[in-house]
Amino acid sequence: MKWISRFFVCSSFALRINAPQRLPAKSTRAITSKKQCAQGNWQVNDILFEKRGSIGLVTLNRVKPLNALTHEMIKALADQLDAWKTDPDVAAVVLTSASERAFSAGADIRAIYQSRMNPPLDFFRDEYRMNCEIFSYPKPYVSLAEGILMGGGVGISVHGSHVAAGEAVKFAMPETGIGLFPDIGGSYFLSRMPGFLGTYCALTGARLNQRDCFAAGLVTHTMKSKHFSEIVEKLAEGAEPTTLLNAYVEDAIAPSLDAEKRDMIEEVFSANSVLEVMDRLERHNSDFAAETLALLRSRSPLSVHIAFEQVIRGIDMGFNDCMAMEFRIVERVIRGDEFYEGVRATIIDKDGAPRWQPSEFDQVTPDLLQSFFSPLENVPELFD
């Protein structure tokens with residue numbers, strides 16, 4: 001059941017920082033992707049680390065871009081987690097956000113796009129290895145999550161032991177819409193969601209709310225985010241995480257996916273291929289099926305096929321093996337064209353008209369699909 005102990009979003013509690021901050025006391029460490037400001041010690045810090053009582057507290061503080069993760073943030077978090085792992089004064093790690101809107105919207109896709117001439121494979125290598133460390137972290141790892149949680153933000157939360165989701169949580173793995181695929185362990189946790197809900201999320205990038213995620217086993221606790229600051233203080237005082245979080249549980253909000261929609265998802269996404277999924281959607285007489293088909297058709301055909309295949313394979317694979325597989329996929333993706341075209345149409349030019357190649361779902365051949373899963377050539381594997 002360990003996989004259930006992870007998956008979600010943001011915190012808007014009292015650590016909110018909307019202005020440049022003076023460098024903290026020596027119990028706190030911060031990193032920034034910007035140069036030191038002219039006013040001396042004033043900086044804008046993208047991620048903050050603090051030893052508060054018996055916890056190691058992490059605050060995502062890149063607020064304007066919705067805590068989009070840079071390579072520097074990933075490396076800093078990985079280093080700090082490694083240090084706290086053996087620190088006898090740190091009983092648990094707590095992850096929060098300084099943004100009221102988002103825990104994290106994912107990786108800094110624009111920066112990756114701008115590195116096309118020298119694809120940043122080390123970004124993904126470091127990120128995926130950190131995901132593995134979080135999955136096997138020896139201490140309680142508590143994410144207090146509210147707002148947007150997507151992509152890389154899922155990777156730094158879902159794989160820990162505890163995830164408390166606030167009432168405004170919005171989870172999605174929207175990568176097929178930009179020519180990528182649901183990585184950061186998606187092949188592991190999506191394949192283990194009940195009722196083929198993970199396949200639905202992987203292919204379409206559809207959002208789930210707090211109640212949906214709890215029903216899917218993706219969060220351990222649901223509550224109101226107004227309690228997050230109090231929870232942090234009690235954890236710092238030495239409270240046991242599970243017992244403490246249990247005390248704040250409140251009934252989740254109404255699901256966005258009711259029983260009828262869940263039944264349709266299971267019926268349709270249990271198909272044996274992407275083309276069969278689309279055929280079932282076409283034959284299903286419901287507005288939700290029509291909306292789902294339209295959403296699916298807006299995605300990259302190649303990315304949708306990759307996502308379907310990775311979820312199928314991930315069912316029988318351990319976590320580290322899933323991450324190694326995803327590293328093989330991403331190495332091919334960032335050296336190709338599909339991802340950059342998707343980012344161009346969505347983020348750069350914002351014309352909403354990506355020119356996918358192949359352009360049709362039935363044009364993705366088995367040989368093309370297999371080429372993304374084959375062992376790497378002339379590039380070390382993830383754990384080499």
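The legends below describe close-up views of a predicted model.

**View 1. Overall make-up of the protein chain in the predicted model.** The protein chain is built from 16 helices and 12 strands, and of its 384 residues 56% count as buried. Among contacts in the protein chain with a separation of 6 or more, 74% are accounted for by residues 24 or more positions apart.

**View 2. The largest pocket and its lining, with Ala-105, Gly-106, Ala-107, Ile-109 and Ile-347 nearest the centre.** This pocket encloses about 660 Å³ of space and is lined by 27 residues. Two or more lining residues come from each of helix H2 (109-114), helix H3 (121-135), strand S9 (148-150) and helix H15 (338-348), and H3 supplies the largest share, three residues. By residue type, the lining of the largest pocket divides into 15 nonpolar, four polar and eight charged residues.

**View 3. The largest nonpolar core, with Leu-208 among the residues that have the most contacts inside it.** This core has 97 residues, and Tyr-128, Ile-156, Leu-197, Tyr-200 and Phe-339 are listed with Leu-208 as those with the most contacts inside it. When residues up to four places away in sequence are not counted, Leu-208 touches Val-169, Lys-170, Phe-171, Met-193, Leu-197, Cys-201, Cys-213, Leu-218 and Leu-257. A second, separate core has 16 residues, including Val-94, Leu-144, Leu-235 and Tyr-248.

**View 4. Helix H12 (residues 287-297) and the helices against which it packs.** The buried residues of H12 are Phe-288, Ala-289, Thr-292, Leu-293 and Leu-296. Seen down the axis of H12, these residues fall within an arc of 135°, so they line one face of the helix. The spacing fits a general rule: an α-helix has 3.6 residues a turn, so residues three or four places apart point the same way. Asp-287 and Glu-291 are exposed on the face of H12 turned away from its buried side, whereas the buried residues pack against helix H6 (197-204), helix H10 (259-269), helix H11 (274-283) and helix H13 (301-314).

**View 5. Thr-199, a residue of helix H6.** With a relative accessible area of 7%, Thr-199 falls under the 20% cut-off and is therefore buried. Leaving aside its neighbours within four places in sequence, Thr-199 is in contact with Leu-190, Phe-269, Phe-308 and Val-311. Gly-186 lies 13 residues from Thr-199 in sequence, and the two are 10.0 Å apart in space, C-alpha to C-alpha.

**View 6. Helix H9 (residues 241-248) and the elements that cover its buried residues.** Pro-241, Leu-244, Leu-245 and Tyr-248 are the buried residues of H9. Seen down the axis of H9, they fall within an arc of 95°, so they line one face of the helix, and on the other side of H9 Thr-243 and Ala-247 are exposed. The cover over the buried residues of H9 includes strand S8 (141-145), strand S10 (162-165), strand S12 (221-222) and helix H8 (228-236).

**View 7. Tyr-248 of helix H9 and its contacts.** Tyr-248 is buried, with a relative accessible area of 10%, and belongs to the second, separate core of 16 residues. Apart from neighbours within four places in sequence, the residues in contact with Tyr-248 are Thr-222, Met-223, His-227, Glu-230, Ile-231 and Lys-234. His-221 is 27 residues from Tyr-248 in sequence and 8.4 Å from it in space, C-alpha to C-alpha.

**View 8. Backbone features at Asn-67, Ile-184 and the bond between Gln-357 and Pro-358.** As background, most residues other than glycine have a negative phi, and most peptide bonds are trans. Asn-67, although not a glycine, has a positive phi of about 60°; Asn-67 is found in the loop between strand S5 (55-60) and helix H1 (71-85) and is buried, with a relative accessible area of 0%. Ile-184, also not a glycine, has a positive phi of about 45°; its place is the loop between strand S11 (170-172) and helix H5 (186-189), and Ile-184 is buried, with a relative accessible area of 0%. Gln-357 and Pro-358 are joined by a cis peptide bond with omega about 0°, and Pro-358 sits in the loop between H15 and helix H16 (366-370).

Technical notes: Residues numbered from 1 in each chain as written. Predicted model: local features only at pLDDT ≥ 70, side-chain atom pairs only at ≥ 80, totals over all residues. Heavy atoms only, no water. 1 Å grid on protein atoms, 1.4 Å probe; cavity = no way out; pocket = protein on both sides within 12 Å on 5 of 7 lines; lining within 4 Å. Points joined across faces, edges and corners; volume = space filled by probe spheres on them. Helix = DSSP H or I, 4+ residues; strand = E, 2+ residues; numbered from the N terminus. Nonpolar A, V, L, I, M, F, W, Y, C, P; charged D, E, K, R; others polar. Buried < 20%, exposed > 50% of the residue type's maximum accessible area, 1.4 Å probe, protein only. Arc of directions from axis to C-beta. Contact = heavy atoms within 4.5 Å. Core = buried A, V, L, I, M, F, W, Y, C linked by side-chain atoms within 4.5 Å.
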